[in-house]
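Grab a coffee and work through these exercises with the viewer open. Each one sets a task and then walks through the solution.

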Amino acid sequence: MNWDAWLPVLVVASSLLPGLVIFFLREGNHRMRTLLNLAGAVLKLVLVSSMIWGVFHEHVYESRWTLAPGLELVLHADTLSVLFVTLSTVLWLVTTIYAIGYLENAPHRSRFFGFFSLCVSATVGLALAGNLFTFVIFYELLTLATYPLVAHRGTSEAVRGARIYLAYTLGGGMLLLIGTVWLYVLAGPTAFVEGGILGTLPADYHPQLKMIFLLLIVGLGVKAALVPLHGWLPQAMVAPAPVSALLHAVAVVKAGAFGIVRVVYDVYGVNFADQLGLLTGLGIAAAITIVYGSVMALFQDNLKKRLAYSTVSQVSYIALGTAILGPIGTIGGVVHLVHQGIMKITLFFTAGNYAETLGIHKVSEMNGVGRRMPATTLAFSIAALGMIGVPPVAGFVSKWYLGLGAMEAGMAVWVMPVLIASSVLNAAYFLPVLYRAWFREPGTAWPAEHIPAARFETNAALLWPPVVTAMLALATGLFAAAPYSPLEWATLIAHREYGL
Amino acid sequence: MADTPIWLVALPLAGALAALLLPRLATAAAIVTGLLTTVAAGVLLFGVATQGALHYEIGGWTAGLGIMLRADGLSTLLLLMTALVVLAASIYASTYFRKTYERARFWPLWLLLWTSLNALLLSGDLFNIYVTLELLGLSAVALASLGGKRAAVEAALRYLLVGLLGSMLFLAGVGLIYAGYGTLDLTVLARVLEPGPVAWPALALMSSGLLLKTALFPLHFWLPPAHASAPAPVSAVLSALVVKAAFYLVLRLWLDVFANVITPASANLLGLLGAGAVLWGSWQALRAERLKLLAAYSTVAQLGYLFLFFPLLLALPAGPDRDLAAGGLAMLALTHGFAKAGLFLAIGIIQQRCGHDTIRELDGTAQHLPATTFAIALAGVALVGLPPSGAFLGKWQLLAGAVDTGQWWWLVVTVAGSLLAAAYIFRVLGHAFGHRPYPNQPVTVAREEWPALLLSAMAALVLGLAGAPVWGLLEIST
Amino acid sequence: MLTTQILYALAGCVLLALGVRGALLHASVLLRIVAINIMGAGVFLLLIAVAYRGPGLAADPVPHALVLTGIVVAVSATALALALARRLQVERDDG
Amino acid sequence: MNSAGLIVFDALLLLSIVGLAWASLATTDVRRSIILFMALGLVLAVAWGRLLAPDVALAEAAIGAGLSGALLLAAAHGQPSPLPPESTNAPRNHGAAGMGMVLRWAITLLCAALAGTLVWALLHAFSNPQHDMLPRAISANLAASGVSNPVTAVLLNFRAYDTLLELAVLLTAVLGTFALGQATPGYRPAGLVFDGLVRWLVPVLILTAGYLLWAGAHAPGGAFQAGATLAAAGVVLRLAGRTRIGLPVGFMLRMIMAAGVGVFLLVGLTLLLLGRPFLGYPPAWAGSLILMIETAAMFSIAATLLLAFLGGQPESTDVNAVANRQREEDPRC
Amino acid sequence: MINILSSILILAGVFFYLAGSIGLLRLPDLYSRLHALTKADNLGLGLLIAGVALQSQDLLIMLKLLLVWLSVLAASATSAHLIARQARRQETGS
């Protein structure tokens with residue numbers, strides 16, 4: 001084994017090993033835990049940077065490990081996986097800092113950070129999975145690692161939320177497993193290959209392949225929160241804020257969306273999927289989810305719940321982009337994977353800040369909060385505007401490419417109205433919040449002021465992460481054309497997928 | 001090296017005598033015996049891996065006249081699993097039984113049980129199998145009754161009577177075989193047996209005896225009370241190994257000795273009963289109020305999965321696909337052995353530390369006993385069949401076989417059973433995560449908790465991630 | 001075919017079946033134990049009948065040895081079953 | 001005797017075998033059932049003789065009928081008669097009784113089918129020429145086995161491993177009964193007449209045991225029959241109300257219990273260490289080694305059977321007895 | 001000659017057995033039944049054994065047969081005594 005074969009393993013291990021060590025740390029060993037967490041996160045960032053460079057220069061990073069005859073655990077870095085790995089790594093680093101501040105003095109921190117690291121390892125493994133079998137393994141591991149995080153608080157509400165989350169995701173996982181096994185029996189080990197591998201199968205397999213596609217998409221759709229499989233997501237927001245942030249922005253929801261992208265592009269091949277008539281169905285499901293999520297978000301007074309429904313809606317942009325045939329649509333979907341992540345994590349961080357600092361949980365309690373917490377609210381505003389699609393924030397870029405792609409593919413007739421409706425709805429549920437925060441007079445007292453205003457409006461560890469991610473959201477929009485920007489990378493992916 | 005099979009029987013037997021004669025040193029004797037026997041199992045594994053199946057003619061008499069021990073990939077793997085599970089349970093038992101008289105009673109029987117397990121797995125002679133079955137049954141019953149309470153005695157008595165009925169039916173089948181073929185040696189029989197009026201009833205008799213012992217639905221009624229009322233280390237071995245020993249014989253007879261006698265219809269019947277076991281066992285486990293009962297019903301269900309393989313194995317043409325399915329079966333059986341033993345040991349710790357094992361009152365255990373809870377979670381992962389456990393790979397092969405042969409109904413059963421398993425495992429974990437106003441500091445008791453943790457980790461991590469040699473030992477490749 | 005052999009083997013089958021029936025139907029533990037012993041006797045009868053080679057001919061010694069082993073195993077199992085039954089009686093009497 | 005007479009004899013014997021089995025299982029009176037079962041054992045012993053299986057006949061008479069019966073009767077001692085408690089105090093309603101009836105018939109039919117299938121299979125098995133491979137192999141190797149009684153040769157040489165495990169089964173059973181409690185208190189001292197019988201019967205039994213052990217090498221007999229006879233002597237003593245019945249206590253008792261398996265194993269492993277197969281006796285030594293094993297086995301068998309009859313561990317002062325006292329103090333057990 | 005004698009002895013033995021058995025079935029109370037059974041059976045067995053012994057013509061076997069008879073005599077006498085005593089105890093006790 002040389003460096004090229006070790007790198008993917010190291011990328012996974014850089015969060016896995018610290019996580020395992022953290023489990024055995026004493027609760028009071030705060031310093032060691034922080035050190036391990038941050039060292040792992042930074043190391044991972046360094047490793048991933050080298051990987052980005054390598055993949056750009058068409059280096060092959062691949063590790064293989066045989067589990068059973070014919071069943072190999074393959075970690076393989078291609079453009080798409082590197083995109084997701086980078087997103088996870090950057091956001092993990094930020095979230096870890098945030099979580100250290102958030103959980104100061106809370107019980108069971110060793111357990112929390114242990115599972116947190118496992119969760120990231122599973123996400124990175126899933127991103128690097130080189131075949132469907134490996135993907136399924138990490139997909140299930142992700143479920144297992146997030147369950148304790150959702151249940152972490154131990155209240156009956158948390159345990160219930162976790163149970164619902166588990167019921168959905170395990171059920172979905174089972175369907176995914178059946179689809180994968182079925183595909184394995186038909187086509188052998190299904191390695192992810194740009195352009196897909198199933199197009200060569202004889203035509204009498206096509207009905208079966210359609211069934212399998214349905215199984216896979218439904219299985220993945222549970223995590224990606226496609227309507228009507230989204231029921232767990234609003235329940236799971238009982239988790240601590242850093243968990244919600246990670247769950248909604250990177251780990252769980254994104255894993256589902258990423259899986260859909262993988263299945264369409266690298267298993268079936270987008271042209272073959274279109275030939276089987278599978279893309280339209282996926283697009284319609286995504287469109288329904290986009291509109292439904294936005295409408296539901298409109299009616300939530302609980303801030304985190306509103307954000308949760310917003311996630312339901314926004315993640316389906318990725319699926320929508322996948323369903324749009326043609327490189328432009330693909331770019332829009334894939335780049336939204338990153339953009340939505342950065343924006344949504346900002347929103348959840350800031351929501352956590354409101355709750356932790358002032359005890360604000362509801363939109364109706366946010367009057368005038370912009371004056372008390374200007375930096376936080378500014379971050380919130382940038383992210384919210386990005387979600388709506390206001391230039392120059394990142395969200396605008398995604399929507400622009402989706403729209404262009406739809407026109408190019410001749411699907412504008414129904415995609416454009418969906419995009420417009422969704423943007424209007426996004427505005428309808430975010431703008432009133434911004435209005436309240438900035439322009440309404442604050443009430444006599446905050447619901448529960450935990451952290452008094454001192455040098456900063458709240459703890460530094462809570463404040464900086466959302467500010468940084470908001471800046472990132474802004475930067476990815478402003479400098480979309482810069483080399484190694486998400487958009488450029490997504491373009492690279494689209495080119496390789498379509499063989500351009 | 002060539003003598004290793006007989007040492008695997010002689011060592012624990014000698015240990016049992018030592019523990020009987022020197023009650024004060026019984027624990028030490030048992031642990032030393034355990035280590036030696038485990039080493040012997042390892043040596044045997046190495047031997048089989050390098051030289052292929054081993055045979056040992058006892059007394060130097062040729063097979064048929066004398067008794068031959070045989071060790072192939074499957075039996076060697078099960079022997080090693082037995083050794084590891086019993087060793088871990090022994091270490092736990094040395095803390096579980098604290099009084100001298102308890103130890104004086106426990107250890108000789110414990111080592112006799114181990115003797116019988118090894119003897120059974122190695123036996124190559126039908127009547128010898130009967131004797132090992134009886135030794136296994138009696139030692140298991142005696143150990144199960146050590147709980148001492150009325151429920152334990154009652155369950156043990158029923159266990160014994162059912163076991164005796166089973167072994168008598170088995171013996172009747174053996175008699176029939178001897179009447180028809182004049183030999184008891186399995187290797188010879190595999191060569192000469194042919195479908196017909198002697199072999200069919202004989203197989204039916206032996207199988208029904210063994211199915212009774214392996215608690216296949218609907219013959220499982222005796223298992224839950226017996227496994228749930230025995231002392232924890234005993235429950236671990238009963239659920240992980242004893243029922244599996246009987247299953248191993250079913251497997252040997254059906255796929256090996258009587259391979260050309262069995263019919264698809266009979267294999268489908270086994271599959272059907274297995275499906276019943278999966279669904280009923282999982283459902284009862286979900287409804288169970290006590291952890292031990294849950295674990296016992298889970299055993300019923302998990303054994304059911306193993307029987308689901310029979311119709312697939314019979315439908316698949318000989319070749320790599322069939323070998324893979326057989327490998328999946330072995331992997332599932334091994335994983336369940338480790339996982340269930342780990343689960344029972346962990347339950348034992350909870351029972352002793354919390355004074356009960358009522359699921360509804362477990363709230364806060366995760367905080368109080370984090371390592372034990374983690375052991376339960378790992379065992380649970382293996383029982384559900386989630387990656388990266390060995391059971392995942394086993395179930396993968398089960399599903400692939402079902403898809404491949406078009407018998408999709410087994411697929412439905414497997415999925416339903418797995419979801420039910422997830423439901424009962426996470427029902428426990430949900431309670432374990434439940435909130436208690438933080439009354440207890442976390443407890444870790446290394447000597448008690450390590451065995452459970454290691455066994456569970458073996459099932460949930462090692463077999464799944466590093467289990468490739470298992471397939472190699474079973475001579476399976478694609 | 002030897003008539004004697006068949007007759008005794010037949011009786012063995014009958015005993016076996018009677019024993020199974022008794023073991024399944026009796027409510028009393030002791031009667032169940034008796035039934036299982038009778039079942040065993042049936043199997044032994046079958047085996048000895050198999051060993052029989054006709055008057056004046058030496059019988060096959062293997063089934064004889066098997067039955068001897070079987071008898072001892074049966075009495076061991078009976079002893080354990082009875083000890084359990086007695087303990088159960090004590091536990092019941094204690095409440 | 002001519003063959004017609006023999007057939008009549010066979011028919012009568014078989015009828016009484018089946019009849020006794022039926023009667024023993026038909027009654028719900030436990031003691032009656034046990035006594036009929038003992039009678040069945042005796043008749044079976046005759047049948048074994050008839051089928052030229054004298055070794056089995058001896059063992060059946062001593063163990064199957066005698067000791068099993070004694071064990072069962074001792075266990076039935078405290079049982080109310082004629083109905084066992086389970087069936088009397090179980091309330092029954094009409095529907096359950098109807099279901100019970102269906103179940104009874106279902107099981108009966110099942111058993112009939114079982115018997116029918118077995119007979120069918122056996123008829124097929126017997127219709128082929130009998131397999132002589134194994135008996136021939138045994139006679140060919142008998143000279144090397146160290147004994148001239150083929151049954152003993154099979155038991156202690158060719159299939160000695162079975163016998164080793166069988167002794168382990170016996171040991172397990174007794175250890176199991178030990179774990180369940182104390183020995184029964186025993187019986188009232190015998191009167192003059194019974195005592196008179198005991199006085200000469202016990203020595204005769206011991207002598208017989210010795211003879212059977214010795215004879216096993218060349219004639220019917222052997223360790224099991226001898227051990228059972230020896231145990232019978234103990235049972236008789238016990239019934240006569242003697243407290244000391246020849247069993248030691250403590251370490252010596254455990255030694256005797258372990259002796260059978262222990263000597264067997266020791267011989268096997270010694271041979272293994274000397275480079276021979278496990279239990280592969282050198283032909284020159286085979287006779288002596290077998291006798292040695294059989295002697296140890298006889299004592300173990302006698303002791304374990306007797307302990308089984310006692311129903312638990314006899315009182316003693318060693319660790320187990322101390323433990324039993326502890327047990328009463330310990331509320332957990 | 002010996003054959004005839006032994007047949008007569010055996011037949012006589014069987015007769016006594018039969019008588020004993022009929023007594024066991026027909027006689028009114030336990031003591032008389034016991035009386036019939038032990039007396040008649042002991043005699044029957046003696047005659048039977050004598051008849052069989054004549055057949056064998058081997059001194060050792062004859063001695064063994066004699067031993068059998070004596071053992072049975074002692075055993076049946078003792079058991080008859082025990083049964084009778086137990087019965088009487090129960091009578092007086094109740």
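**Exercise 1. Find where H10(B) kinks, and work out whether this helix is enclosed or open.**

Step 1: Go to B:Leu238, where a kink of about 40 degrees in H10(B) is centred. The bend at a residue is the angle between axes fitted to the seven residues ending there and the seven starting there. This is a predicted model, where local features need pLDDT of at least 70 and side-chain atom pairs count only at pLDDT 80 or more, while totals for chains, interfaces and linings use all residues. Residues are numbered from 1 along each chain as its sequence is written, with chains lettered from A and ligands numbered from 1 in the order in which they are written.

Step 2: Check the span. H10 of chain B covers residues 232–257, 26 residues in total, and reaches 35 Å from its first C-alpha to its last, close to the 38 Å expected at 1.5 Å a residue. That expected span is 1.5 Å times one less than the number of residues. Helices (H or I, at least four residues) and strands (E, at least two) are DSSP runs, numbered from the N terminus.

Step 3: Look at the surroundings. H10(B) is largely enclosed by the rest of the structure, because 24 of its 26 residues are buried. Buried means 20 or more other C-beta atoms within 10 Å of a residue's own, with C-beta atoms placed from the backbone; exposed means 12 or fewer, and partly exposed is in between.

**Exercise 2. Which residues touch the most other members of the largest nonpolar core?**

Step 1: Pin down the term. A nonpolar core is a set of buried Ala, Val, Leu, Ile, Met, Phe, Trp, Tyr and Cys residues joined through C-beta atoms within 7 Å.

Step 2: Pick out the hubs. This core has 598 residues, and B:Val85, B:Ala144, B:Val237 and C:Ile48 touch the most other members. Helix H6 (residues 150–181) of chain B supplies the largest share, 22 residues.

Step 3: Zoom in on one hub. Setting aside neighbours within four places in sequence, B:Ala144 has contacts that include B:Ala152, B:Tyr159, B:Val234 and B:Leu238. A contact needs C-beta atoms, placed from the backbone, within 7 Å.

**Exercise 3. Which pair of chains that touch has the most contacts?**

Step 1: Among the five touching pairs, chains C and D take the prize. Chain C puts in 61 residues and chain D 71 residues.

Step 2: On the side of chain C that touches chain D, H3(C) gives the most, with 23 residues. That side divides into 46 nonpolar, ten polar and five charged residues. Here Ala, Val, Leu, Ile, Met, Phe, Trp, Tyr, Cys and Pro count as nonpolar, Asp, Glu, Lys and Arg as charged, and the others, Gly among them, as polar.

Step 3: Now try chain E. Chain D offers four residues to its contact with chain E, which offers six. Chains C and E do not touch, and their nearest C-alpha atoms are 18 Å apart.

**Exercise 4. How do E1(A) and E2(A) run, and how many bridges join them?**

Step 1: Strand E1 (residues 61–68) of chain A runs antiparallel to E2(A), and seven bridges join them. Two strands pair if DSSP finds at least two bridges between them. A:Trp65 stands opposite A:Leu73 in E2(A).

Step 2: Follow the turn. The two strands form a hairpin with two residues between them, and A:Gly70 in the turn has a positive phi of about 85 degrees.

Step 3: Finish with burial. In E2(A), residues 71–77, five of the seven residues are buried.

Definitions and conventions: Two residues are in contact if their C-beta atoms, placed from the backbone, lie within 7 Å.
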